[in-house]
Each structure stands twice: as structure tokens, then as C-alpha cells.
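Subject: Two-chain model, handed over

Hello,

Here is the structure we talked about. Please open it first, then read on for what turned up.

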Amino acid sequence: MSRDHILHRIRTALGRSPGQAAADSPAARIRIPEVDMEARITSFRTRLEELAGHCHRAATPEEARTFVAAAIAGKCALASNAPYLAECGIAALSGVRSGITDRAELRELCATAEVGITSADYALADTGTLVMISSPREARMISLLPPAHIAVLPRDRILTGLDELLALHPLPSNETSSMVLITGPSRTADIEQILVRGVHGPGEVTVVIVG
Amino acid sequence: MSIQFDRKIHQTLENANLQLAVYTATGRLKDGRTQIVSPAELPDYQELRTEAHDLKKHVMENLDHYLEEFERNVEAHGGHVVYAKDATEVTDFIVGLAKERGARRIVKAKSMTSEELDLNERLEHHGLEAVETDLGEFIVQLAHERPFHIVGPSLHKTRYDVAELFTKNLGVEREEVPEKQTAIARKVLRQKFLAADMGISGANMLVADSGAVVLVENEGNIRLTTSAPKIHIAVAGIEKMIPRAQDLATFLKLLARSGTGQRLSVYTSILSGPRREGEIDGPDEFYVVLLDNGRTRVLADRAKRQSLYCLRCGACLNTCPVYRKIGGHSFPWVYSGPIGAIITPQFLGIGHEPALPFASSLCGACAEVCPVKIEIPELLLTLRGEVRKAETRDRKNLLEKLAFRLFAWIMTHPRLYEMAGRAAAAMAPSETGGWIRSAPALMNIGPLRAWLSQRDLPPAPPKSFRELWRRR
């Protein structure tokens, strides 16, 4: 069997024996800067806008709901099962489908929805990134299939950056089958280096920061 | 140099449109990188490179340990690991699984590893449909060509080429605007994603302590490939391993910056196992195929082992004065540019294209931009030595060896050296200001003619330095 064959070849190449422990690995390099919340929000917004994403600040959950209602007016939208969306009253807005737990139904709806609405587990200030952890609350497809994605999250979920995320979740795969970092709208430049947004994923990304 | 290598280089050099396309595209990527790794942007860039190098070195030296750890963790999360020694074993596994599950339609995410295996052709041979879903790869697949660049597979194609390919293959109205062409591809491929039985991806990294596959992209096709079908198979070289998820803090900061000049790519997916209890979507089955295909042979060579540290970011291509002139298709295998020049001879044998390690000016730009600090110029020199050694073994370079022995003898005997210098000066027409190559007769014959066809010297001065020194 190739497994044993390949492992044997590797051990021969390295002069190691089966079960031999690894030498000490260089330490992981995690550096978390101190950045106050207002600076994080400013940085997040700047980075996202550089990538042609949109960022909106809402003082209260009610304001976030009003913003989202206006943004999706007349469109067919699908919201994730994130408790925060329910808390803000967004899942209950008219024209919004929510509470889907069946894969086939979810796919069907995602394929036709014009807007996908999610929360986000975190946002990363230094890159303008959303962190999506797949769970019963957040499906993978809602932030992926519809042409527009709106994410609503409270400000205390904005981390300084990747290092802080990995400090909080050193083993993401123990919690989820999929952790995805989203940094701006889907894009390509494969034809003559011309930037085109929305090639497979959403061409429009809007982040609503509450508080 | 093989005739094919020579011909492809000349074809590229003579194609003015292609020259401009390659120069502009690589220039843009190169400038993007320079700006985004500058001290103002990333003050600890050099430390990150050193860290990445040290981590890769450590993993390679303990690779069996990390592979086993990775395997345990994938299985703990409900996935499966398959080892494959070559393309046939990868194909057999995928075809076997497809038969068992009744799967026929496959969507593929861009992967250099699967290019290396000619996976699409092999799957098609077994009656499976394998569609590339990255826009550039999709275009290249329609044209039945190889990717031109590691991160920009279709950068040699114009919008008119794309219009031609789309109307011919997709049955759509002719469209020459890239935005609209992209929309066509989105529509066509969206149907493929939703109908696919199986998704095949590569992996940018494999994380040992998490049993995770990390995938980096801008379009979203990889997310769709790995999330929409019921089966996800990741095919990855064994060298893609990193020890811990926390090491992503090092590698992700370098990868997109080096490759495309972005702080992070649009999507980074960290995937492990099938969808968990309660998760609404994601695959039901998750496999990682760990591929050897020559990698263990490279691992055994201490001096050249570092070739396996490569992250496939493409930075060395964008900065290479040779790649920027001769382009990706001149190279004899799927891996092009400086990294292609060092791994192709090691994977396929130096006899595959003996001229390859010599197709470099050894300027060192590649080593300067490499995020994991692979010493590419040193490796090229080592490989040149190996090519020459093989030639000596096959008695192919007797004349050249003789010439260099003669040269060494002259250089170590001062009086002979002076005589030879005078003789050479006499043959070169210094008064006319001509260069040695334009010298008639004696210098331009036989093997010397071939040698001089690529080299030249300024005319000899009337008096040599030694003469001037004596008469001072």
C-alpha cells in the first residue's frame, strides 16, 4: 500500500525511524497589537472600502434593521439563522426568508435570492475581513451564492487582526468544518488584467457595524 | 537545448502582443508586491520570511511525523486520507470513488498539482466530466492549453481570444467586453456547481494539528467547489504541510502579498472533515489525497530539499527578467519561471531539458522576493553542475572540457597568458572599433562560432595593462 511505501521513503530520506518524535518546532508567531475600538472600526472601514466593499455604522440594532430594510427593499433576501440577526429584528423583516435548516431547500433559495444576509463571528480590523464559522447558525452558501452579501455584527466582534483570531481559535477545525475569511467582494482579473467583481461569489459586500 | 525549447522561446519573443501582455501583467503583480511588503506596510516582513523558512525547513525534516499527525486529525474530524505515489494512483482513487457513488460530473478548483498530473485528461478518459471553474483555468481548458502563469493561467489570452473560445464552445453570442465575458462564465459555471456530484481542489497548505486544508482564492469558485457538491476531494503534495493553524499568522501574511499584492486574498477557507452535526451545508464526504509523485526523491537530497518549501505564490516569475521575456509556455513543464527551472529537473530528471538551469541570468531577483527564502540561484548552479557531470559521463562535452583545460593552463602560466593576449588582440580589429564577434576568419569558426554567437567582448586596447605597467 502506498501509505507505508511513501512514509518509508520519507523516513529513509530523512534518516528517521517510525514513531520518532519531531524535533522542537519554531514557536508560532502571534503578535497582537493594542488598538482601541474606534481605531479598529476606522481601519476596518478603510480597508473594506479600498476593496470596493461598503461599511455602514448603526448606533442601535433598530437602526441596523432600518438600514437593511432599505437596502433590500423590493428584493428577494435570505437571512442566516444567526441569533444576532433575530435580535436586531432583521430575520423578521418582510421579504426576508430565514430559519432554513434543510440543505436542499437552502441551496434552492440561495440560488435565486438577490441578497444573502448573515452575521459574522468576527471582523479583522487590519485587513477589512469577515470571519465566517460554519454552524447551524451560519450556513456556508448564504455569503456565497447571492450576488450581494450583507453582514451585520456588533462592534465588540472586531478583532485587531488574524493573529488575535488565531489566538482565540488555535484549533478552528475542532469547532467547525469550515472557517472562511472574506476580504471584500469576489473578484477576478483573468481577462486582460481587467478587474471584474462578482465572478463567482457576491460582487457587493456590505458590512453593518452596530454600536 | 532541445529544439522545442528553442522554438517556443523564439515564438514568444517574436509575438509583440504577447510580450506586452506578459510584461504588463507581471509588472503589475510585481509592483503590487513591492508596495505591500514595504516597511511602511509590513515592518516585520523580513522576520516573517525567516520564520516561514524555518517552519518549512522544520516540517520537511520531520515530514513523516507531521503527515501522521495530519492523518489522525483528518480522521478525527470524519474525513479520510489517501496516499498516492503518482498520477495513476490519484486517478484510480478518484475514478473508483466516482463509480461507487455514481458520480459523473466534477467541478475543479485551480490547482497546479492537478496540472502536474494531467488530472482532467485522465478523468475524461474514464468518462468523467471535469470542469475547471477558476475563470482563467476555464479559458485555458477551453483552449486545450496549459496555464501560462502559476497565479494568472490565462494572462496570454486577449479578450478576442476569449470571445472566440466562448462562442465556439458555449454557444453564446459573441461578447468582447471582459465584464460581460465574466458574467457569461459565472452563469455557465453556476449551473455546473449546482449539478456537480464531486468537487476537486488542491491545497495551499495542509495543517497538521488541525487536519485542515487551507485554500486561498479571489473568485469564490474554490468555496463553491468545496461546499456545493456532496463529495470534496483535496489533492495536495506532501510538502504543503505546516505544523499548526497558528502558523497561518505567518504564511497567510506572506502568501497573497507575494503573489498578487493583496493583504489577504478575498477568500481563505480553512476546511476539515465533512459538515458537522447540525451544519446546514457542506460536503458529506471529505478526502485528502497526499501525493508523492517525485517529492520524496527531492526530499532525500539535502542540498536541494529546500525546493519543497515553495508556496506557489508566483512572485519569482513576476520578477524574473527571463520569465518576463520568454513567458510560461516556453518552459518544458507545468511549473514555469525560476521555481519551474529548479523543480522540473528534479521531478522529471535533468535529461528532460538540460538547458533549463542555464536559462537564467543568475541575477538573484527571485531569491530576493521568495517568501520562504529558497536560494534559487544557488540551486540553479548546483543543477548546472549536475547537467555538466552527466554530460561528462556520457562523453558529450569533450571539446568544451578540453577548451576549459587549455584555458586553465594558459591562465596559470603568466608568459603564456601574455602571448595569448597579444595573439587575441592581433585578431580583433581594434582600430575599426568593431567587436570581437565581427572579427573575420579565425575567431568565427567551428565551435567557437557557436560560443561567440551568444557572447561578445569590446575590442582589445592597443596596449595591454601589463605592457603599460612595465613602461610606466
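What percentage of the 211 residues in chain A is buried? Buried residues make up 52% of that chain. Keep in mind that this is a predicted model.

**The two chains**

Chain A has six helices and 12 strands. Its C-alpha atoms fill a box of roughly 65 × 45 × 40 Å along the principal axes. Take the contacts in chain A with a separation of 6 or more: residues 24 or more positions apart account for 73% of them.

Chain B has 22 helices and 10 strands. Its C-alpha trace spans about 95 × 55 × 50 Å along the principal axes. Of its 472 residues, 48% count as buried. For contacts in chain B between residues at least 6 apart in sequence, 72% join residues at least 24 apart.

**Where the chains meet**

The contact takes 61 residues from chain A and 76 residues from chain B. On the chain B side, helix H10 (residues 178-195) gives the most, with seven residues. By class, that side has 28 nonpolar, 27 polar and 21 charged residues.

Strands also pair from chain to chain. Strand S9 of chain A (residues 178-182) pairs with strand S9 of chain B (residues 267-271). The sense is antiparallel, and there are five bridges. As an example, A:Leu181 has B:Thr268 as its bridge partner.

**From S9(B) to S6(B) and S5(B)**

Follow S9(B) into its own chain. Five bridges join S9(B) to S6(B), and the two run antiparallel. Here B:Val214 has B:Ile270 in S9(B) as its bridge partner. S9(B) thus pairs with S9 of chain A and with S6(B).

Why call strand S6 (residues 212-217) of chain B largely enclosed by the rest of the structure? Because six of its six residues are buried. Side chains in a regular strand alternate between the two faces of the sheet. In S6(B) both faces are covered. B:Ala212, B:Val214 and B:Val216 are buried on one side. B:Val213, B:Leu215 and B:Glu217 are buried on the other. Note the glutamate in that second group.

S6(B) also pairs with strand S5 (residues 205-207) of chain B, antiparallel, over three bridges. B:Leu206 has B:Val213 as its bridge partner there. S5(B) and S6(B) form a hairpin with four residues between them. In the turn, B:Gly211 has a positive phi of about 60°.

**H10(B) and H9(B)**

Back to H10(B), the helix that gives the most to the chain B side of the contact with chain A. H10(B) packs with helix H9 (residues 159-170) of chain B at an angle of about 30°, with their axes 11 Å apart. The crossing is left-handed. From H9(B) come B:Arg159, B:Val162, B:Phe166 and B:Leu170. They meet B:Pro178, B:Gln181, B:Ile184 and B:Val188 in H10(B). The residues of this contact divide into six nonpolar, one polar and one charged.

**The parallel sheet of chain B**

Chain B has an open sheet of six strands with parallel pairing. The order is S1-S10-S7-S4-S2-S3. Strand S1 (80-84) and strand S3 (129-132) are the edge strands, and each pairs on one side only. The twist averages 25° from one strand to the next.

Which strands flank S10(B) in the order? They are S1(B) and S7(B). S1(B) and S10(B) pair in the parallel sense over five bridges. S7(B) and S10(B) run parallel too, joined by seven bridges. B:Leu290 in S10(B) serves both: it stands opposite B:Tyr83, and it is the bridge partner of B:Ala236. Six of the seven residues of S10(B) are buried, so this strand is largely enclosed by the rest of the structure.

At the S3(B) edge, strand S2 (residues 105-108) and S3(B) pair in the parallel sense over four bridges. B:Ile106 has B:Ala130 in S3(B) as its bridge partner.

One helix lies over part of this sheet. Helix H5 (residues 87-101) of chain B lies across S1, strand S4 (198-201), strand S7 (231-237) and strand S10 (285-291). H5(B) runs at about 140° to S1(B).

Best wishes

Technical notes
Residues are numbered from 1 along each chain as its sequence is written. Chains are lettered from A and ligands numbered from 1 in the order in which they are written. This is a predicted model: local features need pLDDT of at least 70, side-chain atom pairs count only at pLDDT 80 or more; totals for chains, interfaces and linings use all residues. A residue is buried if 20 or more other C-beta atoms lie within 10 Å of its own, exposed if 12 or fewer, and partly exposed in between; C-beta atoms are placed from the backbone. Two residues are in contact if their C-beta atoms, placed from the backbone, lie within 7 Å. Ala, Val, Leu, Ile, Met, Phe, Trp, Tyr, Cys and Pro count as nonpolar, Asp, Glu, Lys and Arg as charged, and the others, Gly among them, as polar. Two strands pair if DSSP finds at least two bridges between them. Axes are lines fitted to C-alpha atoms, for helices over the stretch in contact, and angles run from 0 to 180 degrees between N-to-C directions. A crossing is left-handed if the near helix is turned anticlockwise from the far one by less than a right angle, and right-handed if clockwise.
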